[in-house]
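Hello! Here are a few friendly notes to read alongside the structure. Keep the 3D view open and look up each spot as we come to it.

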Amino acid sequence: QVQLVESGGGLVQAGGSLRLSCTVSGSIFRIDVMGWYRQAPGKQRELVATINSGGGTNYADSVKGRFTISRVNAKNTVYLQMNLLNVEDPAVYYCNANVQKYLLGSAASYWGQGTQVTVSS
């Protein structure tokens, strides 16, 4: 079994900051790409940011310059530092990880349960 546990969501005023964390546990041989996605009410889930095992990152245009994704491989943990939050950022934020469970196995995509981010104007 592979589990992703997120934390760090909450309520913040516009212009404020939050830091999300997500730790992967269970049967893990290797974690490739890790990322954050978000889904607002009535909208499709969208990419926020991803980071590969070498530290290469990719961001949605809407968060570039405001959000920073990072990871600590030794802790199987990915972070999302969110600064200058605005009224377009509220959503449920989901952690995602591509996990290879065994040496000869293929990687599969796993999701966390989601954490709510709310921004007050």
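1. Is W111 buried, partly exposed or exposed? Please bear in mind that this is a predicted model. W111 turns out to be partly exposed, and its relative accessible area is 37%. Buried would need a value under 20%, and exposed one over 50%.

2. Now look for rings that pair up. The count of aromatic pairs comes to one. Its members are Y37 and W111, arranged edge-to-face, with 5.1 Å from centre to centre and 65 degrees between the planes. Y37 belongs to strand β4 and W111 to strand β10, so this pair ties together parts that lie 74 residues apart in sequence.

3. Next, try colouring strand β9, which covers residues 91-100. Of its 10 residues, eight are buried, so the strand is largely enclosed by the rest of the structure.

4. Which strands pair with β9? One of them is β4 (residues 30-39), joined to β9 by eight bridges, with the two strands running antiparallel. You can find this pairing by looking at M34, which stands opposite A97 of β9.

5. Strand β10 (residues 107-111) also pairs with β9 in the antiparallel sense, here over five bridges. A good place to see this is N98, whose bridge partner in β10 is S109. Together, β9 and β10 make a hairpin, and six residues lie between them.

6. A further partner of β9 is strand β11 (residues 115-120). Three bridges join the two, and they run antiparallel. For a landmark, use A91, which stands opposite V117 in β11.

7. Let us finish with a charged residue. E6 sits in strand β1, which spans residues 2-7. What is the nearest side chain of opposite charge to E6, and how many Å away is it? It is R45, at 7.8 Å. A salt bridge calls for a nitrogen and a carboxyl oxygen within 4 Å, and E6, although buried, has none.

8. What does the side chain of E6 reach, then? It comes to 2.5 Å from the backbone nitrogen of G114, and to 3.3 Å from the backbone nitrogen of Q113. Leaving aside neighbours within four places in sequence, the contacts of E6 include W36, Y93, Y94, C95 and T115. Among these, Y93, Y94 and C95 bring us back to β9, the strand of residues 91-100.

Conventions: Residues are numbered from 1 along each chain as its sequence is written. This is a predicted model: local features need pLDDT of at least 70, side-chain atom pairs count only at pLDDT 80 or more; totals for chains, interfaces and linings use all residues. Side-chain values use heavy atoms; hydrogens and water are left out. Helices (H or I, at least four residues) and strands (E, at least two) are DSSP runs, numbered from the N terminus. Buried means under 20% relative accessible area, exposed over 50%, partly exposed in between (1.4 Å probe, protein chains only). Lys and Arg count as positive and Asp and Glu as negative; His and the chain ends are not counted. A polar contact is a pair of N or O atoms within 3.5 Å; within protein, one must be able to donate a hydrogen and the other to accept it, and residues adjacent in sequence count only if both atoms are side-chain atoms. Contact means heavy atoms within 4.5 Å. Two strands pair if DSSP finds at least two bridges between them. Rings of Phe, Tyr and Trp (its six-membered ring) pair if their centres lie within 6.5 Å; planes under 30 degrees apart count as stacked, over 60 as edge-to-face and the rest as tilted.
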